[in-house]
Amino acid sequence: MPSNRNLTIAYAGVASLAAITLVYVFSPSFAIDNNNTSSSQRQKGVVGLVNTANDCFINSVLQALAGLPELREYLIHRTRIAKENGEFLPQKPFLSGALKEILDSLNEKPIRRKTISARPFLTVLERIFRQKISRAQQDAQEFLQVVAEKLAEEYHDMHKFNKKLEAVRMHSEAGDAQHQSVTSQLKLDMDFLAESGMPLEGTLESEIECQRCKYKTKPNLSKFVVLTLTVPHKASATLNECIDGAFMTEYIDDFQCDKCRLLHAIAYYEAKLSKTSSQGDRDAIQDAIQRLQHAVDGDPQTVPAGVQLPPSSPATRSRIAKRTRMSSFPPVIVIHLSRSIYDQYLSSRKNICKVSFPEKLSMGGLLDRRGYKLQCLVTHKGGHDSGHYECFRRQIVYPPPFSNPHLPSTGNSPTSTPTISVMPSASTTNIPKQPNGDEQNSQNAIAMINGSSTPTDALDKIQELTSSPKPLSLSVPSETFEDRPKSSSSLQTTMSAATVTEEASPLTPTVPTSTAKVDTGTKRKKTKRNNKWWRISDEKVKEAKTEDVLAQQKEVYLLFYERIRENR
């Protein structure tokens, strides 16, 4: 009997150990599968990108571009124009269309873990430049620069094509209805792109001022798609310090000023004139002096024809001040923090300075200040010649522009506060009379509510009229629209109260003036801050918070700031 009991205890111990082992082995995968398929997690997730051979620099840039609504909105209009004007040709690769396809795929909401390949997009890119992309360690900024510059090139090619198309349309016959209909369909998209431009492209304006003669050269305009900032060689810095360093006044010595050179030439010919006695030579010298003076007063950068300038001398060289500013602010500012350090032996190493950056960034002066919000971030871990790139993407909480983002509004302006009036409109005369008084008031109220943006809003107000027997007092609580995503077709501001206008009418009940008051007791609900991000490392995706993103001061490499718009 004792032996059987011991045997039973031994079997029970072995069974318990086996059960613990099974739970330990299979419970993690079961928990992962359960989280991916549960209803609470179905809306949480983002598509990853497979890394076949050192593709993290490609994957991180594509994931960052996928988190820019301004860029996706541009690509929708751009590809629609390309389809309608015949730019999609089999023998001609089109980068904007290929980028739109992969960004749409990366913005899908997968039910389970999903990973795709960037190979179709890279194939189009390789066809454009007619060379293969190296699979060795590459720089994410260089890849982004190539893609963004090609997008800008296709944008400007579109404008050239549209000018030719407009010329053809002007010379086409008036009865060509098909051609006229095509151009009318393109007009909305072309007008949108002409106003907004390529979202990554901005303009820098630089000028030079001579510190001796105070002459300023003509502003030199240059386009940019990525703003490169040099990280200072110290332990820590701020992004504003890096921006100030790029746009601060730079002084350059021993520079040859165009105006100083002409003034030196005038002084040279005047001295030569005082020593010349021949009338013919004096006339030629005086003519040269007049031409030089005309150039000084007009355009010192253009040397007068037929006038030979004297040899350059130290008198023609001076100190100049070079100033640079951003004259055209792009909808999306991409900032590249250059962390390369080169010594006297041309060897390179990585600058590990901690750069703190804000979630919201202000650009411009006091009169043209613009606000930007951080949307994406690309970090780099490792040394100067090797490492790994990751992307942080903000989780978008409003509807992205998947298709047809701008529809013509048929209601009131979204920025205006609706006004509720008790006066009968013209449509109230066609409403049949109901035997019940409450139902009659409801039918009249449908025609009275002029500020309702949707039928649901109107029904809510009708229920407020019919559900309570107390005197008429119309108001819209702030919670009604607080949780709605703010888009171009929705209200931008929360309505706290609605104005009530009363007038006696045979179709509406008479309401005492003292009872028609504006309800101001409803407190506005605070908007929740979007604090959720995706941390994407190739096919690995997990959630992060804003605090985690702002803590990437040592690894931050690319910053994607998008302009703050009222409807977002």
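This passage describes the confidence, salt bridges and helix packing of a predicted model.

The mean pLDDT of the protein is 74, with 64% of its residues reaching 70 or more. Confidence falls away in particular stretches, and over residues 23–43 the pLDDT is below 50, a segment that has eleven contacts in the model beyond near neighbours in sequence. The pLDDT likewise stays under 50 over residues 402–459, for which the model nevertheless has 84 contacts beyond four places in sequence. Where pLDDT is low, the predicted coordinates should not be read in detail.

A search of the whole structure finds 18 salt bridges. One of these joins Arg565 to Glu70, with the closest N and O atoms 3.3 Å apart. Arg565 lies in the segment after β20 (556–563), whereas Glu70 belongs to helix α3 (residues 69–85), so that the pair ties together parts 495 residues apart in sequence. Both partners are shielded in the model: Arg565 counts as buried at 18% relative accessibility, and Glu70 counts as buried at 6%. The pair also belongs to a wider arrangement, since Glu70, Glu73, Arg563 and Arg565 are linked in a network of salt bridges.

Two further salt bridges have a different setting with respect to exposure, as the accessibility of each partner indicates. Arg319 and Asp253 meet through their side chains at a distance of 3.1 Å, N to O. Because Arg319 lies in strand β8 (residues 317–328) and Asp253 in strand β7 (residues 250–256), this salt bridge ties together parts that are 66 residues apart in sequence. Arg319 is partly exposed, with a relative accessible area of 42%, while Asp253 is exposed, with a relative accessible area of 54%. In the other case, Lys132 forms a salt bridge with Glu126, the closest N and O atoms being 3.6 Å apart. The two partners contrast in their surroundings, for Lys132 is exposed at a relative accessible area of 70%, whereas Glu126 counts as buried at 8% relative accessibility.

Glu126 falls within helix α5 (residues 119–129), the axis of which comes within 9 Å of that of helix α4 (residues 95–106), the two crossing at roughly 165°. This angle is over 145 degrees, and α4 is therefore roughly antiparallel to α5. The crossing of these two helices is left-handed. At their interface, Leu95, Ala98, Leu99 and Ile102 in α4 meet Phe121, Val124, Leu125 and Ile128 in α5. An α-helix has 3.6 residues a turn, so residues three or four places apart point the same way.

A second helix pair is formed by α9 (residues 258–274) and α10 (residues 279–297), whose axes come within 10 Å and cross at roughly 160°. That angle makes α9 roughly antiparallel to α10, and α9 passes α10 in a left-handed crossing. The residues that meet across this pair include Leu262, Ile266, Tyr269 and Leu273 in α9, together with Ile285, Ile289, Leu292 and Val296 in α10. Polar and charged residues also take part in the contact, among them Lys259, Glu270 and Lys272 in α9 and Arg282, Gln286 and Gln293 in α10.

Helix α2 (residues 56–66) is largely enclosed by the rest of the structure, because eleven of its eleven residues are buried. Among the buried residues of α2 are Phe57, Ile58, Val61, Leu62 and Leu65, and they also include Asn59, Ser60 and Gln63.

Methods. Residues are numbered from 1 along each chain as its sequence is written. This is a predicted model: local features need pLDDT of at least 70, side-chain atom pairs count only at pLDDT 80 or more; totals for chains, interfaces and linings use all residues. Side-chain values use heavy atoms; hydrogens and water are left out. pLDDT is the predictor's confidence in each residue, from 0 to 100. Contact means heavy atoms within 4.5 Å. A salt bridge is a side-chain nitrogen of Lys or Arg within 4 Å of a carboxyl oxygen of Asp or Glu. Helices (H or I, at least four residues) and strands (E, at least two) are DSSP runs, numbered from the N terminus. Buried means under 20% relative accessible area, exposed over 50%, partly exposed in between (1.4 Å probe, protein chains only). Axes are lines fitted to C-alpha atoms, for helices over the stretch in contact, and angles run from 0 to 180 degrees between N-to-C directions. Angles under 35 degrees count as roughly parallel, over 145 as roughly antiparallel, 65 to 115 as roughly perpendicular and the rest as oblique. A crossing is left-handed if the near helix is turned anticlockwise from the far one by less than a right angle, and right-handed if clockwise.
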